[in-house]
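I sat down with a new model today and kept a few notes as I went. Here it is, so you can follow along.

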Amino acid sequence: MKQLYSTIARTAALVIAVLLTGSIQKVVAAPPTGIKNVLLVHGAFADGSGWEAVAKVLAKDGYTVSVLQEPETSYADDQKYAKAALDAMDGPVVLVGHSYGGSVITEAGNHPKVAALVYIAAFALDEGESCASIEQALPQASKAAFMAISQVPISTDAFTHKVTNPAWKTKPTWYMVATADRSINPDQERMMAKRAHAKTVEMTGSSHVAYMSHPKEAAKLIEEAATSAHVNQ
């Protein structure tokens, strides 16, 4: 009888050990939680309210979302606002820009807290380029009438400022091309995405404001960046 109890005890101990080992392996092998902070940067002639649908999806999925309200009074001012917002965040950040906001994140993305960049139909500028130079190189189609009369002013300096240190050269990058964009030529978007080695998706038939017409897809791309980008601990 003693031998039987001893055998049962050893078997039970072995089962418990196996279960514990399995539990430990599962914890160790579990995928990283990824980046939880997202900063959304609006484009020219707009404000941050257009990000509402995207922000709601991200918040529902557990992300901490901030929306930058850059003043568009000068490129330097917009960089100052972006830096202050990034300084205030408590960990690594996915930095997202639409249209002119892409120019902003291209420089602001050098901030040490920025772990990934996401461009939504945006200017992913190279050294020496400005939003104006990209549009002059391959002109865009005309904008919709209502958008043209309802825009918020932007300074000439912000639109013509030449980028000096593109963050996409050192940070992982994602890009959403709007195939029916009538503000930035879609071929220019593809060119900028390709040279940035960006993981690229195309929104067929989407206008320039792809993040408003396709908020779920925009949020999905941002979340892909958040879960894929490597973060140094």
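These entries cover a helix pair, the nonpolar cores, one further helix and two backbone oddities.

**Entry: a note to self.** I am working from a predicted model, so I keep that in mind throughout.

**Entry: H3 against H4.** I began with how two packed helices are usually described, by the angle and the distance between their axes. For helix H3 (residues 75–88) and helix H4 (residues 100–108), I found axes that come within 10 Å and cross at roughly 65 degrees. The crossing of H3 and H4 is right-handed. I then listed who makes the contact: H3 brings Tyr75, Asp78, Gln79, Ala82 and Leu86, while H4 brings Tyr100, Ser103, Val104, Glu107 and Ala108. Sorted by character, the residues of this contact of H3 with H4 come out as six nonpolar, two polar and two charged.

**Entry: the cores.** Next I looked up the largest nonpolar core, which has 34 residues. Leu86, already noted in the contact with H4, turns up here among the residues with the most contacts inside the core, along with Leu39, Leu95, Leu117, Tyr119 and Tyr175. I also checked which elements feed this core: at least two residues each come from strands E1 (37–41), E3 (93–99), E4 (114–122) and E5 (173–178), and from helices H3, H4, H5 (131–137) and H8 (186–195). Apart from this core lies another, of 29 residues, including Leu40, Val94, Ala121 and Trp174.

I picked Leu117 for a closer look. What does Leu117 contact, leaving aside its neighbours within four places in sequence? I noted Leu95, Ile105, Gly109, Ala167, Trp168, Lys171, Pro172, Thr173 and Trp174.

**Entry: H10.** I tried a length check on helix H10 (residues 215–228). At 1.5 Å a residue its 14 residues should span 20 Å, and the end C-alpha atoms are 20 Å apart, so the two agree. The buried residues of H10 are Pro215, Ala218, Ala219, Leu221, Ile222, Glu223, Ala225 and Ala226.

**Entry: positive phi.** Most residues other than glycine have a negative phi, so I stopped at two that do not. Glu72 has a positive phi of about 60 degrees and is not a glycine. I located Glu72 in the loop between strand E2 (64–68) and H3. Is Glu72 buried or exposed? Its relative accessible area is 2%, under the 20% cut-off, so I call Glu72 buried.

Ser99 is the other, with a positive phi of about 55 degrees. Ser99 sits in strand E3. With a relative accessible area of 8%, Ser99 is buried too.

Technical notes:
Residues numbered from 1 in each chain as written. Predicted model: local features only at pLDDT ≥ 70, side-chain atom pairs only at ≥ 80, totals over all residues. Heavy atoms only, no water. Axes fitted to C-alpha atoms, helices over the stretch in contact; angles between N-to-C directions. Helix = DSSP H or I, 4+ residues; strand = E, 2+ residues; numbered from the N terminus. Left-handed = near helix turned anticlockwise from the far one by under 90°. Contact = heavy atoms within 4.5 Å. Nonpolar A, V, L, I, M, F, W, Y, C, P; charged D, E, K, R; others polar. Core = buried A, V, L, I, M, F, W, Y, C linked by side-chain atoms within 4.5 Å. Buried < 20%, exposed > 50% of the residue type's maximum accessible area, 1.4 Å probe, protein only. Expected span 1.5 Å × (residues − 1).
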